[in-house]
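This briefing introduces one protein chain to a reader who has not seen it before. Please look over the sequence and structure first, then read the points below.

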Amino acid sequence: MANKTTLTSAINGFITAVVSVTKVRNAFLELINTFFSTTTIHSNTAAANQYTYNLKFNKRGNKVLVTGFIRNDYATAKSGEVIFTNPTAELYCKTSNDVLYFGQLDPSNADCLVTFNLQNIYLNGFLPAGATLVINTNYLTND
């Protein structure tokens, strides 16, 4: 997956270089991979005193769809902390463009406020022990 800068650089390199079938194919493959990206999955296995998660990120252009869940496996309720850090830089939320999202809690069906901020999902709301936060939202990345 590429961003606007990477695509522009690839196209400029193609235009200024000797034209070959391989260079044309690579430029088109970069565009195809940007518009029809594969899903990136981040998950971990269940254990006590941590957050268990299974999050799927699908990036198209500079828009990311994230779906999945984060479960509080701590013995106490949690609030006001980072609950997930994304290791994939190209999926970071747009700089200075925090996204507020009300996820639904399972099993209570209550809303829980979280913020997408650069590489982090930050828990603004209250996540009870054993509860699962269901996420299904979009956000933008840097161009």
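Helices and strands here are DSSP runs, numbered from the N terminus, with at least four residues for a helix and at least two for a strand. The model described is a predicted one. Its main feature in this briefing is an open sheet of eight strands, and one residue, Thr115 in strand 6, is treated in more detail.

**Confidence**
- Averaged over the chain, pLDDT is 86, and 94% of the residues reach 70 or more.
- Strand 8 (residues 132–140) has the highest confidence in the chain, at a mean of 95.
- Helix 1 (residues 4–16) has the lowest, at a mean of 71.
- Where pLDDT is low, predicted coordinates should not be read in detail.

**The sheet as a whole**
- The eight strands follow the order 1-2-3-8-5-6-7-4, and their pairing is antiparallel.
- Strand 1 (40–43) and strand 4 (78–85) are at the edges; each has a single partner strand, so one side of each has no neighbour in the sheet.
- On average, and ignoring direction, neighbouring strands of this sheet are turned by 20° against each other.
- In general, strands of a sheet pair through backbone hydrogen bonds, in either a parallel or an antiparallel way.

**Strand pairs**
- Strand 1 is joined to strand 2 by four bridges in the antiparallel sense, and His42 stands opposite Leu55 of strand 2.
- Ten bridges link strand 2 (residues 51–60) with strand 3 (residues 63–72), again in the antiparallel sense.
- In this pairing, Tyr51 has Asn72 of strand 3 opposite it.
- Strands 2 and 3 form a hairpin with two residues between them.
- Gly61, in the turn of that hairpin, has a positive phi of about 65°.
- Strand 3 also runs antiparallel to strand 8, with nine bridges between them; Val64 has Tyr139 in strand 8 as its bridge partner.

**Thr115**
- Thr115 belongs to strand 6, which spans residues 111–117.
- Is Thr115 buried or exposed? Its relative accessible area is 6%, and because buried means under 20%, Thr115 counts as buried.
- Leaving aside residues up to four places away in sequence, Thr115 touches Asp98, Val99, Leu100, Asn120, Ile121, Tyr122 and Asn124.
- With one of these, Asn124, the side chain of Thr115 also makes a side-chain polar contact of 2.5 Å.

Notes. Residues numbered from 1 in each chain as written. Predicted model: local features only at pLDDT ≥ 70, side-chain atom pairs only at ≥ 80, totals over all residues. Heavy atoms only, no water. Buried < 20%, exposed > 50% of the residue type's maximum accessible area, 1.4 Å probe, protein only. Polar contact = N/O pair within 3.5 Å; in protein donor to acceptor, adjacent residues only side chain to side chain. Contact = heavy atoms within 4.5 Å. pLDDT = per-residue confidence, 0-100. Pairing = 2+ DSSP bridges. Axes fitted to C-alpha atoms, helices over the stretch in contact; angles between N-to-C directions.
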